[in-house]
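Me: I am new to this structure and would love a friendly close look at one part of it. Could you walk me through how some of its helices meet, and then point out a few residues worth finding on the screen?

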Amino acid sequence: MSLLDDLEAEVAQHWAGQSDGAHDIWHIRRVWASCQRIADGLDAPLDMQVLVIAAYLHDIVNIPKGDPRSKDAAQLSADHAVAWMAARDLPGQEAVAHAIRGHSYSAGHPCETLEAQVLQDADRLEALGAIGIARCFTVAGQMGAALAHGHDPLAQGRALDDKRFALDHFETKLFDVAQTLNTAPARAMAAPRVALMRAFQVALADEARI
Ligand code: ADP
Ligand code: NI
């Protein structure tokens, strides 16, 4: 079995019965596709075996938002990846663990290797653009939030509250995410995605306002 087939099988087996439109096998495959695109645009050597394992297993332990253990998900996913690699006697276990720990917004681990930076960028691109908008509203739906505040959708006269209004999440987090990308290729990929989100934000606010 190829490494990629082995990783696909691991995600399929571990996530069987789980349905989360923001974290499904397509999220994993897109993150890996973005990792390869970013890597192609970088003039630097990268360990692609480390990157493919880190990309496929970065969310393998997926704890729902709101669960107090969700802040440990990246560490638990890193531990899972190390055990998976050890069972196959694969090299690069610490490099994979470092990249997986570093990808999370919330855990605050620095990305000290290029592989970690590329994975973090690829995962952050998932929060931007059309995919980012779709994921935002999927997660907001899981949390029971409204699409937008009907009287003040852009929060000009109220505090932002992304637990209650999906559109608020653009300002509380998503536009900031676009500012924190590590690599030039990812920043180039992000620019049109941010422009689309700005246009969507205005359009949704105009339609939602009553
Ligand atoms: P990660 O899974 O990389 O740790 P998050 O769970 O914060 O990061 O984000 C995953 C997705 O969930 C993102 O696309 C983000 O837009 C969405 N998301 C997180 N929090 C909210 C929220 N309060 N409202 C809407 N979407 C959210
Ligand atoms: Ni992810």
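Me: Let us begin with one pair of helices: is the crossing of α1 and α3 right-handed or left-handed?

Reply: Happy to help, and please keep in mind that this is a predicted model. The crossing you ask about, between α1 and α3, is right-handed. To see it, find α1, which covers residues 3-14, and α3, which covers 48-57. Their axes lie 10 Å apart and the two helices pack at an angle of about 15°. Angles under 35 degrees count as roughly parallel, and α1 and α3 are therefore described as roughly parallel to each other.

Now look at the side chains in between. From α1 come Leu-3, Leu-4, Leu-7, Glu-8, Glu-10 and Val-11, and they meet Gln-49, Val-52, Ile-53, Tyr-56 and Leu-57 of α3. Sorted by kind, the residues of this contact of α1 with α3 comprise 8 nonpolar, 1 polar and 2 charged.

Glu-8 deserves a second glance. Besides its place in the contact with α3, Glu-8 forms a salt bridge with Arg-29, and the closest N and O atoms of the pair are 2.8 Å apart. This salt bridge joins distant parts of the chain, since Glu-8 sits in helix α1 and Arg-29 in helix α2 (residues 25-41), 21 residues apart. How exposed are the two partners? Glu-8 has a relative accessible area of 19%, so it is buried, with the cut-off for that being under 20%. Arg-29 has 27% relative accessibility and therefore counts as partly exposed.

As general background, side chains of opposite charge can pair when their charged atoms come close. A search of the whole structure turns up 9 salt bridges, and another one also involves α2. There, the side chain of Arg-30 meets that of Glu-126, at 2.9 Å from N to O. Again distant parts of the chain are linked: Arg-30 belongs to helix α2, while Glu-126 lies in the loop between α6 (114-125) and α7 (129-143), 96 residues apart. Glu-126 is buried, with a relative accessible area of 3%, whereas Arg-30, at 24%, is partly exposed.

A further salt bridge is formed by the side chains of Lys-71 and Asp-72, with 3.5 Å between N and O. Lys-71 counts as exposed at 53% relative accessibility, and Asp-72 as partly exposed at 31%.

From Asp-72, step along the chain to helix α4 (residues 73-87), and find helix α5 (residues 93-103) as well; the axes of these two come within 8 Å and cross at roughly 160°. That angle makes α4 roughly antiparallel to α5. The crossing in which α4 passes α5 is right-handed. On the α4 side, the contact is made by Ala-74, Gln-75, Ser-77, Ala-78, Ala-81, Val-82, Met-85 and Ala-86, and on the α5 side by Gln-93, Val-96, Ala-97, Ile-100, Arg-101 and His-103. These residues of the contact of α4 with α5 divide into 9 nonpolar, 4 polar and 1 charged.

Stay with α5 for a moment. Of its 11 residues, 8 are buried, so α5 is largely enclosed by the rest of the structure. The buried ones are Val-96, Ala-97, His-98, Ala-99, Ile-100, Arg-101, Gly-102 and His-103. What do they pack against? The buried residues of α5 pack against α3, α4 and α6, which brings us back to α3, the helix that packs with α1.

Two more residues round off the tour. Asp-168 has its place in helix α8 (residues 168-178). With 1% relative accessibility, Asp-168 counts as buried. Apart from neighbours within four places in sequence, Asp-168 is in contact with Pro-153, Arg-158, Ala-159, Leu-160, Asp-161 and Asp-162.

Lastly, look for Phe-200 in helix α9 (residues 184-208). Phe-200 counts as partly exposed, at 30% relative accessibility. Setting aside neighbours within four places in sequence, Phe-200 is in contact with Ile-133, Phe-137 and Phe-170. The C-alpha atoms of Phe-200 and Leu-167 are separated by 9.7 Å, with the two residues 33 apart along the chain.

Conventions
Residues numbered from 1 in each chain as written. Chains lettered and ligands numbered in written order. Predicted model: local features only at pLDDT ≥ 70, side-chain atom pairs only at ≥ 80, totals over all residues. Heavy atoms only, no water. Axes fitted to C-alpha atoms, helices over the stretch in contact; angles between N-to-C directions. Helix = DSSP H or I, 4+ residues; strand = E, 2+ residues; numbered from the N terminus. Parallel < 35°, antiparallel > 145°, perpendicular 65-115°, else oblique. Left-handed = near helix turned anticlockwise from the far one by under 90°. Contact = heavy atoms within 4.5 Å. Nonpolar A, V, L, I, M, F, W, Y, C, P; charged D, E, K, R; others polar. Buried < 20%, exposed > 50% of the residue type's maximum accessible area, 1.4 Å probe, protein only. Salt bridge = Lys/Arg side-chain N within 4 Å of Asp/Glu carboxyl O.
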